[in-house]
Amino acid sequence: MNGFINLLKPPGMSSGTAVAIVKRLTGERVGHAGTLDPEAAGVLPIMVGRATRLLDYFTDKGKSYVAEIAFSGATDTQDAQGVIVEEGKKIPSREEILATLPAFTGEIMQRPPAYSAIKRGGVPLYALARKGEMVITEARKTDIFSLELGEKTGENGYMLHIDCGGGTYIRTLCHDLGQAMNAPAHMRFLLRTRAGAFHIENAVTLEEIQLAAEEKRLDQLLLPLETPLMLLPEMQVPKKWEKLARNGGKLPSALLPELEEGARCRIYIQDTLLGVGRRAGDEIRFDVGLTGGNE
């Protein structure tokens with residue numbers, strides 16, 4: 001089995017646990033692309049078999065989320081699982097929030113939360129924070145492509161619709177929005193609706209995966225290996241070069257002359273994806289192989 005399962009991860013489960021369940025059901029090497037916090041739900045691409053080799057080659061690393069920001073106070077974890085560290089005494093108006101959103105759109109600086117999976121000296125920051133150690137993270141750039149205000153929820157919440165680049169912390173975005181309005185806030189709910197080429201509309205639940213395993217039709221849930229690679233140009237290898245390509249050999253760049261120096265492409269023999277190649281001078285060399293001798 002080689003491909004991707006577009007998992008709809010439930011809240012209350014870590015990404016690692018979800019991967020372990022899929023690994024047990026498939027019996028294959030498995031990994032995930034784009035960690036979701038345990039309490040978050042939504043799209044979690046699961047790489048199965050040879051798909052695990054492709055993580056570094058995803059052409060679209062953008063994410064889409066629906067999140068609820070709660071102006072009931074800031075927490076130490078920046079989400080609803082944490083302890084209130086600053087009481088919320090102000091609920092901004094819709095007009096005030098709308099006026100603040102532009103400052104958090106585009107390329108922004110964001111300081112990752114202390115309670116995060118980022119590692120320091122091989123140890124996740126959340127482990128250090130839980131032991132009471134002082135954790136100070138460095139601000140880094142992230143991209144917010146779109147930030148829209150949705151409906152009001154209850155007395156102190158609003159829904160947010162976010163399109164962003166990889167590595168964005170939505171709970172930090174909620175926290176920072178609150179600070180900007182002098183209205184301490186945290187993230188109360190998070191649903192990821194897209195992770196690159198994987199969308200919530202065709203995501204499957206763990207229960208559906210379990211049933212497919214019992215009925216021996218897991219392969220029907222697999223998305224093709226090229227799913228996250230479709231923005232790369234395609235190169236079809238002619239019959240005369242087939243043996244060389246299947247053995248991971250260097251191919252002449254004349255097979256795809258428009259490919260620029262250093263650029264990548266998808267390499268095919270008819271309908272079979274052999275791997276991802278990169279142009280180096282007059283050659284196209286395999287960056288990663290997916291079948292046959294180019295493994």
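A trainee and a mentor discuss aromatic rings and burial in a predicted model.

Mentor: Ground rules. Residues count from 1 along each chain as its sequence is written, and side-chain values use heavy atoms, without hydrogens and water. In this predicted model, local features need pLDDT of at least 70 and side-chain atom pairs pLDDT 80 or more, while totals for chains, interfaces and linings use all residues.

Trainee: What makes phenylalanine 4 and phenylalanine 198 an aromatic pair, and why is the pair called tilted?

Mentor: Rings of Phe, Tyr and Trp (its six-membered ring) pair if their centres lie within 6.5 Å; planes under 30 degrees apart are stacked, over 60 edge-to-face, the rest tilted. Here the centres are 5.4 Å apart and the planes at 50°, hence a tilted pair.

Trainee: Why does this pair tie together parts far apart in sequence?

Mentor: Phenylalanine 4 lies in strand 1 (residues 3-9) and phenylalanine 198 in strand 13 (residues 198-199), so the parts are 194 residues apart in sequence. Strands are DSSP runs of E, at least two residues, numbered from the N terminus.

Trainee: How do you know that phenylalanine 4 is buried or exposed?

Mentor: Buried means under 20% relative accessible area, exposed over 50%, partly exposed in between (1.4 Å probe, protein chains only). Phenylalanine 4 has 0%, so it is buried. Phenylalanine 198, at 1%, is buried too.

Trainee: Why is the pair of phenylalanine 71 and tyrosine 158 called edge-to-face?

Mentor: Its planes stand at 75° and its centres 6.4 Å apart, so the pair is edge-to-face.

Trainee: What sits over the ring of tyrosine 158?

Mentor: The charged end of lysine 152, 5.7 Å from the ring centre. The rule: NZ of Lys or CZ of Arg within 6 Å of the centre and within 35 degrees of the ring normal.

Notes:
Helices (H or I, at least four residues) and strands (E, at least two) are DSSP runs, numbered from the N terminus.
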